[in-house]
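Biologist: I am new to this structure. Could you walk me through how to read it?

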Amino acid sequence: MPAAAAKRRRVGVAVVGLGGAVATTAAAGVELLRRGTNRMDGLPLADVAVPGLARYEDLVFDGWDLNGQSLAAAVAEHRVLNDNQLDETGSALGAVRPRPGVASEAFCRRIGGANLRAVGGHRAAVAAIVEDLERMRASNDLDSLVMVNLASTERTPEDVAALQTADAFERGLDGGDPAIGPAMLYARAAIEAGVPYGNFTPSVAADAPALVEL
């Protein structure tokens, strides 16, 4: 009898900054691959069959942004696709809207947007992000989930005492320590939720000593 086909894995990509140019380009590119109208030339591991490795077409994009417009509107605004690609991906990307994000003008000036998550302090922000991750898993029927930070670069904190050890960081969460920024809160939530985290900005996030320890 022929061997059973390996189950394809649905992997969620929880993007911090989902409405930005990089994230929307990635989401649109995967949608075009899914439709068979884009080529995989140059994509790492695109032609490698590895048990358990998700295919590009099985990536599911979700995440947060301070701008609540759909990914279709964001793609059009960033001008990252041609007209034919906009038409082809419009329906799928139009169904995806970023979740309200956690942000702080103390770490990133001139950030705006009505899609801001109102939370009562650092600890509540972490809990809200963990809750969103659980909702992403459930609503998208995912086999696994990763978090990727593509948000605007944050300033580097000057007083880093709260970032040196896990105990100090946890006290800082409870006390609202101003050295703890949004990127660290997202990274801390990913750790709590057991979600792999990748940081693609120069912001201090999971590389803070306290979070490395955690």
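Modeller: Start with one residue. This is a predicted model. Arg79 has a relative accessible area of 76%. Exposed means over 50%, so Arg79 counts as exposed.

Biologist: Where does Arg79 lie?

Modeller: Arg79 sits in the loop between helix 2 (71-78) and helix 3 (83-94).

Biologist: What should I look for in its backbone?

Modeller: Look at the sign of phi. Most residues other than glycine have a negative phi. Arg79 is not a glycine, yet its phi is positive, about 55°.

Biologist: Which phi does Asp141 have?

Modeller: Asp141 has a positive phi of about 50°, and it is not a glycine either. Asp141 is found in the loop between helix 4 and strand 3.

Biologist: Is Asp141 buried or exposed?

Modeller: Asp141 is exposed, at 59% relative accessibility.

Biologist: Now the sheet. What is the order of its strands?

Modeller: Read across the strands, not along the chain. The order is 2-1-3-4 in an open sheet of 4 strands, and the pairing is parallel.

Biologist: Which strands stand at the edges?

Modeller: Strand 2 (59-64) and strand 4 do. Each has a single partner strand, so one side of each lacks a neighbour in the sheet.

Biologist: How much are neighbouring strands turned against each other?

Modeller: By 25° on average, with direction ignored.

Biologist: How many bridges join strand 1 to strand 3?

Modeller: Count bridges pair by pair. Strand 1 (residues 11-16) and strand 3 (residues 144-149) run parallel and are joined by 6 bridges. One example is Ala14, whose bridge partner in strand 3 is Met147.

Biologist: And on to strand 4?

Modeller: Strand 3 and strand 4 (residues 197-199) also run parallel, with 3 bridges between them. Asn149 has Asn199 as its bridge partner in strand 4. Val148 stands opposite Gly198 in strand 4.

Biologist: Which strands does helix 4 touch?

Modeller: Helix 4 (residues 122-140) packs on the sheet and touches strand 1, strand 2 and strand 3. Its direction makes about 150° with that of strand 2.

Biologist: Which strands does helix 6 touch?

Modeller: Helix 6 (residues 182-193) packs on the sheet too, touching strand 1, strand 2, strand 3 and strand 4. The direction of helix 6 makes about 160° with that of strand 4.

Biologist: Last, the surface. Which residues make the nonpolar patch?

Modeller: Leu45, Val48, Val50 and Leu53 make a nonpolar surface patch of about 320 Å². Of these, Leu45 lies in the loop between helix 1 (21-35) and strand 2.

Methods
Residues are numbered from 1 along each chain as its sequence is written. This is a predicted model: local features need pLDDT of at least 70, side-chain atom pairs count only at pLDDT 80 or more; totals for chains, interfaces and linings use all residues. Side-chain values use heavy atoms; hydrogens and water are left out. Two strands pair if DSSP finds at least two bridges between them. Helices (H or I, at least four residues) and strands (E, at least two) are DSSP runs, numbered from the N terminus. Axes are lines fitted to C-alpha atoms, for helices over the stretch in contact, and angles run from 0 to 180 degrees between N-to-C directions. Contact means heavy atoms within 4.5 Å. Patches are made of residues with over 30% relative accessible area and no salt bridge: like charges are joined within 9 Å, nonpolar side chains (Val, Leu, Ile, Met, Phe, Trp, Tyr) within 5 Å. Accessible areas come from the Shrake-Rupley method with a 1.4 Å probe; for residues, only the protein chains shown count as cover. A salt bridge is a side-chain nitrogen of Lys or Arg within 4 Å of a carboxyl oxygen of Asp or Glu. Buried means under 20% relative accessible area, exposed over 50%, partly exposed in between (1.4 Å probe, protein chains only).
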